[in-house]
Amino acid sequence: MADIFKSIIEGSERLSSLDDIDEVVKDLSRLLRKMVRSRWTAAYFFDRDRRDFTPVHSAGLPRRFQPVFRTMPLASATIPLIKGLLQKKQHLLITDTGSSELLNPRFRRILRDVNLLAVPMIVRNQVLGAVFVSRDRKLPPFSNDEIAIIRDMVSHAALVVSHMRLFDETLDMAIELAGRIDVIMTLDEINKAISSSLSREKIMETAMQHIERITRSELVAILQVEGEDLEITAILGNGITVPPEMQPGSRIRGRSTASAALSRQSSQRVGDLRGRERLSPVDRLLMQAGIRSLFAIPLLSKDRIDGVLLLGDTDAGQFTPESTFTIEKIASQMAVALGNARLYEDLHILFISTVTSLANAIDAKSSWTKGHSVRVMQMSTRLAREMGLSNEVVERVRLGGLLHDIGKIGIIEALLDKPAALMEDEFPPMRLHPEKGVAILAPIEQLRDVIPGILHHHERYDGSGYPAGLKGEAIPLEARIIGVTDAFDAMVAERPYKPGQSVTGALTELRRCAGTQFDPVVVEHFSRSITRIMESVKPPPIQDEEDKR
């Protein structure tokens, strides 16, 4: 008896050190063969979702029995042995295996040469599984003492397996939780990135980068509604060549997975393009490029569809409903952000139209200055881009150029339309127009950053200008740019008191005054820009007959 207890303790310790269910069953079988002369051991584990026992883990099971045990589930509702095991949570000893009603006919046929002991694996009063221990019928059935040993060993094995499962489930939950946290953080990151921008291009670029990173899709495209068609606004190919017919600006007409998402206002999935008999021209192009799976999500915001997000993968069977939750959330965020950007663009267009009308009203006070503000705006914007300035500065220059003379609304028309050069005493009221312009525009919050360019566009680089006498780079850059283009347009335009200069003559005058009246760097950039434009429109030289020969 002491040897048996020693074997039980040693066996329990060994079982506790294992970390694989098959190894536990094998070691349990080895211990039982040694202690109770069992023949083989098989263990089934209860699947709560399926409400039956999963395929067997076994040790010592004859090879001819293995296919049967591994493929035949033990359904508690149809096998009395299992039903009783679950209800009573007690062991069952079957000595008449060849005829017992507790077994189905197939089991009775293959188990007729053994006695069978079924022992439930119970942990915290829950049935974890069942262990079947067999003994050759040539030997006596298991005694009560032997059954007690088997129950103890099975109980310890159940505890070991329970700990393994608990560890695995905890690990799976941790991995799943980490994945969900990653999804939440990614969605938050995308939300911050796209919500902080009112640029449609920036929103689409940011969203596409994140989607490509998350999904590892070989194709990410954004299509926007244009009339009856879809137009490819942006497309990214990773490891594939995007078809020429699907470059940005291309129109998608007729039937396609993307158009189906648009018309049905719901996500569309294609598991394998190769398995479809009739493909649209667009989907066929994608298949020829190597795409197998497609996923199209409508960009729906406030009952309006702005476009479609289209993803493609070179593997079939991608984009299952379970795997696309994050993508659809991103698409939803994109739709809202693009909708906000569209509203902002509409308001901005309305704002610019209003400002342009105001500037045109000022220019219209004199027939000689008609179109001056728009020309200054266009030249200033081009010059700011020529200098490589940021979009924000370019926009300030554009609005400043358009509104630089808005203060002249307070100047009497007699001065603006005077057919001769102004007298010395007529200059002071004219020089007030920058400050009058600021007074007019100051209440408009959207123009607060534009005002410095308007106020100081008549400052001189040497400090002798007005209204503040600023010098050099103390003059706002926007004002230095507008000052150059304003002077150039004034020089080339005709006035009642002077003819317009040639472009070459005006550029010469700008260079002469660089460093005194104008910023020399701005003048240099402007001169290069105007010269390049002139050369691009210059007609080719006429060749005479001698030159041709």
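1. A good place to start is with the charged side chains: the structure holds 17 salt bridges. Please keep in mind as you read that this is a predicted model. As general background, side chains of opposite charge can pair when their charged atoms come close. The next few points walk through some of these pairs.

2. Take Asp136 and Arg39, whose side chains meet in a salt bridge with an N to O distance of 3.8 Å. This pair ties together distant parts of the chain, as the two residues are 97 residues apart. Asp136 belongs to strand S7 (residues 126-136), while Arg39 sits in the loop between helix H2 (21-36) and strand S1 (41-47). How accessible is Asp136? Its relative accessible area is 24%, so Asp136 is partly exposed. Arg39 is also partly exposed because its relative accessible area is 31%.

3. Another pair to look up is Arg269 with Glu328, a salt bridge in which the closest N and O atoms are 3.8 Å apart. Here too, distant parts of the chain are linked: Arg269 is in strand S11 and Glu328 is in helix H10 (residues 325-363), with their positions 59 residues apart in the numbering. Arg269 has a relative accessible area of 31% and is therefore partly exposed. For Glu328 the relative accessibility is 28%, so this residue counts as partly exposed.

4. Which residue does Asp462 meet in a salt bridge? The partner is Arg460, and the N to O distance is 3.7 Å. Asp462 counts as partly exposed because its relative accessibility is 33%. Arg460, at 26% relative accessibility, counts as partly exposed.

5. Salt bridges can also join into a network, and you can find one here made by Asp229, Glu231, Arg251 and Arg253. It is worth selecting these four residues together in your viewer.

6. Now to the sheet. How many strands form the open sheet, and in what order? There are six, running S10-S9-S8-S13-S12-S11, and the pairing is antiparallel. At the edges are strand S10 (251-252) and strand S11 (268-270), each of which pairs on one side only. Arg269, met above in its salt bridge with Glu328, lies in S11.

7. Within this sheet, strand S12 (residues 293-301) and strand S13 (residues 304-313) pair over nine bridges in the antiparallel sense. To see one of the partnerships, look at Ser293: its bridge partner in S13 is Asp313. A helix also packs on the sheet: H7 (residues 200-215) touches strand S8 (219-226), strand S9 (229-237) and S13. The direction of H7 makes about 145° with that of S8.

8. Helix H10 deserves another visit, as it holds Val336 as well as Glu328. Val336 has a relative accessible area of 41%, so it is partly exposed. Val336 and Asp306 are 30 residues apart in sequence, and their C-alpha atoms are 9.5 Å apart in space.

9. On the surface, Phe167, Leu171 and Ile175 make a nonpolar patch of about 320 Å². Leu171 has its place in helix H6 (residues 144-195). Is Leu171 buried or partly exposed? With a relative accessible area of 41%, Leu171 is partly exposed. A residue needs over 30% relative accessible area to be part of such a patch.

10. Some backbone details are also worth checking. The peptide bond from Tyr466 to Pro467 is cis, and its omega is near 10°. Where does Pro467 lie? You will find Pro467 in the loop between helix H16 (451-455) and helix H17 (477-492).

11. Finally, look at the phi values of Gln265 and Phe319. Gln265 has phi near 55°, a positive value in a residue other than glycine. Gln265 is in the loop between helix H8 (257-264) and S11, and its relative accessible area of 49% means that Gln265 is partly exposed. Phe319 is not a glycine either, yet its phi is positive at about 65°. Its place is the loop between S13 and H10. Is Phe319 buried or exposed? Phe319 is buried, because its relative accessible area is 6%, and buried means under 20%.

Technical notes. Residues numbered from 1 in each chain as written. Predicted model: local features only at pLDDT ≥ 70, side-chain atom pairs only at ≥ 80, totals over all residues. Heavy atoms only, no water. Patch = residues over 30% accessible without salt bridge, like charges linked within 9 Å, V, L, I, M, F, W, Y side chains within 5 Å. Areas by Shrake-Rupley, 256 points an atom, 1.4 Å probe, with all protein chains shown as cover. Helix = DSSP H or I, 4+ residues; strand = E, 2+ residues; numbered from the N terminus. Buried < 20%, exposed > 50% of the residue type's maximum accessible area, 1.4 Å probe, protein only. Pairing = 2+ DSSP bridges. Contact = heavy atoms within 4.5 Å. Axes fitted to C-alpha atoms, helices over the stretch in contact; angles between N-to-C directions.
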